[in-house]
Amino acid sequence: MTIDRSSINKVAGVVRTALSLNVPITLETLCEAINKLDGECVVDSSGQLKVDAQITTVNDSDEQRKFEIRYLGNKCETRILFSIAHEMGHLFLHLLNKDGTLKQAETFQRNMETTQEELEANEFAAALLMPEEAFIVKSKELMSEDKINVTKMAEYFNVSVQAATVRGNVLELW
Ligand SMILES: [Zn+2]
C-alpha cells in the first residue's frame, strides 16, 4: 500500500509533538525519545550488521522492550541520525497493527534499495528532522542575495547537504 507524502508528513508531525522532539533533533534526543517508546538504540558491535541500521520488533509480549534499532557507530553523525529516523519511519508506517500494537518479530533494514517502503521511510525521516514550517523559516533566515545557503541549512538540521537539498526540492523552495 502506498502512503502519500502529506500523510507521512502528518504522521511525522504527530510523532514529533507526542515525543516533545524539538528541532534541531540530535542523536541523543532521538534515542531518548525511542526509550520513551520502550525501544532501544544500540550501536552494533557484533560485526554482523551489514547495513547502516535496522529495526527489529521483539517477539515476546512479556518483554519490557518493544523494539530495537541497531546501527553502525562508525558512520558520520548526520548519517546515523537519518538512518535512525528512517527506522522510526518503518515503526510508525509499516510495523503497527490496526489496534496500535506492534507486529512481532519483524525486521526492516536500511539497505539503500528503492522499494516503496524504503522511500516512505526516507520521507518520514526527512519530515521528522526537517519539518516543513521550520525548514521554510530557517531558509528565509539563511537567505542572502536571493540565495539559500544549503550547507548551513544542513548544519542546522543535523542532516547531510544531500538530505537538505532533497527536502528543499520536495518543499519546492529551490
Ligand atoms: Zn528501510
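1. **Asp-38 and its loop.** Let's start at a single residue: Asp-38 sits in the loop between helix 2 and strand 1. This is a predicted model, so please read every value here as computed from predicted coordinates. The phi angle of Asp-38 is near 65 degrees, which is positive although the residue is not a glycine. As a rule, most residues other than glycine have a negative phi, so a positive value is worth a look when you go through the backbone. Is Asp-38 buried or exposed? Neither word fits fully: Asp-38 counts as partly exposed because it has 13 C-beta neighbours inside 10 Å, while a residue needs 20 or more to be called buried.

2. **Asn-158, another positive phi.** Further along the chain, Asn-158 lies in the loop between helix 6 (150-157) and helix 7 (161-170). Its phi is near 60 degrees, again a positive value in a residue other than glycine. Here the surroundings earn another label: Asn-158 counts as buried, because 21 C-beta neighbours lie inside 10 Å.

3. **A cis peptide bond.** Which two residues are joined by a cis peptide bond? They are Val-23 and Pro-24, and omega there is about 0 degrees. You can find Pro-24 in the loop between helix 1 and helix 2. For background, most peptide bonds are trans.

4. **The chain as a whole.** Stepping back, the protein chain has seven helices and six strands. Reading along the sequence, their pattern is α-α-β-β-β-α-β-α-α-β-β-α-α. The radius of gyration is 16 Å, close to the 16 Å that the globule rule gives for 174 residues, so the chain is as compact as a globular protein of that length. Along its principal axes, the C-alpha trace spans about 60 × 35 × 30 Å. Of the 174 residues, 33% count as buried. If you take contacts between residues at least 6 apart in sequence, 70% of them join residues at least 24 apart.

5. **The four-stranded sheet.** In what order do the strands of the open sheet lie? Four strands form this sheet in the order 1-3-2-4, and their pairing is mixed. Strand 1 and strand 4 (107-109) are the edge strands, each pairing on one side only. From one strand to the next, the twist averages 15 degrees. It helps to trace the order on the structure with your finger before moving on to the pairs.

6. **How the strands pair.** Let's walk across the sheet. Strand 1 (residues 39-43) runs parallel to strand 3, and five bridges join the two. Within strand 3, the residue opposite Val-42 is Arg-70. Next, strand 2 (residues 53-57) pairs with strand 3 in the antiparallel sense, also over five bridges; here Ile-55 stands opposite Ile-69 of strand 3. Finally, strand 2 and strand 4 run antiparallel and are joined by three bridges, with Thr-107 in strand 4 as the bridge partner of Thr-56.

7. **Strand 3 and the helices across the sheet.** How covered is strand 3 (residues 67-71)? Mostly: four of its five residues are buried. Two helices are worth locating here. Helix 2 (residues 27-36) lies across strand 1 and strand 3, and runs at about 140 degrees to strand 1. Helix 3 lies across strand 1, strand 2, strand 3 and strand 4, running at about 30 degrees to strand 2.

8. **Two domains and their contact.** The domain assignment gives domain 1 as 5-129 and domain 2 as 130-174. Their C-alpha centres lie 23 Å apart. How many residues does each domain bring to the contact? Domain 1 contributes 14 residues and domain 2 contributes 12. On the side of domain 1 that touches domain 2, helix 1 (5-18), helix 3 (77-94) and helix 4 (116-129) each supply at least two residues. Helix 3 gives the most to this side, with four residues. By class, this side of domain 1 has eight nonpolar, four polar and two charged residues. Helix 3 therefore deserves a second look, because it both lies across the four strands named above and gives the most residues to the side of domain 1 that touches domain 2.

Definitions and conventions
Residues numbered from 1 in each chain as written. Predicted model: local features only at pLDDT ≥ 70, side-chain atom pairs only at ≥ 80, totals over all residues. Buried ≥ 20, exposed ≤ 12 C-beta atoms within 10 Å, placed from the backbone. Pairing = 2+ DSSP bridges. Domains from an automatic or database assignment. Contact = placed C-beta atoms within 7 Å. Nonpolar A, V, L, I, M, F, W, Y, C, P; charged D, E, K, R; others polar. Axes fitted to C-alpha atoms, helices over the stretch in contact; angles between N-to-C directions. Rg over C-alpha atoms; globule rule 2.2 N^0.38 Å.
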